[in-house]
Amino acid sequence: MDSSSRPEGRSADIQEERLAIGCALRASPWYKLHPSSGEEVPGPRTKLSAVNWKDRLLFFGGGHRREFLSDLYEYNCLTSRWRCVVTTMAPTAALTTPTSAAEGQGAGGPPQITPPCARRSHSCVVVQDKMLVFGGRTHKGHLNDLYELDLRTYTWRMIHPSVTAIATFLQGGGGGDLASLKVFVASSPYLSANIRLGSGAEVRELLAL
């Protein structure tokens, strides 16, 4: 290489790093990992989320053909073993909100706090010891709810429900829970703003937004 065209300083360092990485990748053979007998291995799926936490890989949701999934699988990179993780909802004294209404489960009945519904095409990220799951879609439509999973205890906490769930619940008749729902929505500026932008006049009037 002519000295006049040779990159200098940090640019040269970056090119050397890229060359080293490329050589290492070409020298590393691929090999298939075969699960042990009796391991809980996830079934075929697409449009799932995959994140890294410590020495583990976590796979949530996705779908297979027309099925939407909400299971969580963990792959331990040190032991090369799979397991299906059993999660729970964190105890809370907060208002129960109509997350199940988004799935058409008793749209006019009492609201429920549940773990994230089955979904695909969602976003997922790990921040310290928490995994955050946002949005995605179900066979009923798109979601904009936000859930947090504590990876130390594998307990879910709902940060805010789907606007679609709230609208469906109200249109189905919220009954005596309407006053509490107003308080809950008012306590979340993010949720209030989403309802103002994404809901019809009837819903905004019911919630006094």
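In the second strand of the chain, β2, the residue standing opposite N52 is L57. The structure is a predicted model, in which local features need pLDDT of at least 70 and side-chain atom pairs count only at pLDDT 80 or more, whereas totals for chains, interfaces and linings use all residues. Residues are numbered from 1 along each chain as its sequence is written, and side-chain values use heavy atoms, with hydrogens and water left out. Strands are DSSP runs of E with at least two residues, numbered from the N terminus, and two of them pair if DSSP finds at least two bridges between them.

N52 belongs to strand β1 (residues 49–53), whose side chains alternate. S49, V51 and W53 point to one face and are buried (under 20% relative accessible area, with over 50% termed exposed and the range in between partly exposed; 1.4 Å probe, protein chains only). A50 and N52 point to the other face and are not buried. β1 runs antiparallel to β2 (residues 56–64), and five bridges join the two. Together they form a hairpin with two residues between the strands, and K54 in the turn has a positive phi of about 55°.

A second region to look at is an open sheet of five strands, in the order β5-β9-β8-β7-β6, with mixed pairing. Its edge strands, each pairing on one side only, are β5 (88–89) and β6 (123–127). Strands of a sheet pair through backbone hydrogen bonds, either parallel or antiparallel. Between β5 and β9 the arrangement is parallel, with two bridges, and M89 has W156 of β9 as its bridge partner.

W156 reappears in the interior. The largest nonpolar core (a set of buried Ala, Val, Leu, Ile, Met, Phe, Trp, Tyr and Cys residues joined through side-chain atoms within 4.5 Å) has 15 residues, and W156 is among those with the most contacts inside it, along with L58, L72, M131, L149, L151 and Y154. Two or more residues of this core come from each of β1, β2, β7 (130–138), β8 (141–150) and β9 (155–160). Leaving aside neighbours within four places in sequence, L151 is in contact (heavy atoms within 4.5 Å) with W53, L58, V126, D129, K130 and M131.

Two loop residues also deserve a look. R65, in the loop between β2 and β3 (67–76), has a positive phi of about 55° although it is not a glycine; R65 is exposed, at 73% relative accessible area. Q128, in the loop between β6 and β7, likewise is not a glycine and has a positive phi of about 55°. Q128 is exposed, with a relative accessible area of 70%.

Methods. Helix = DSSP H or I, 4+ residues; strand = E, 2+ residues; numbered from the N terminus.
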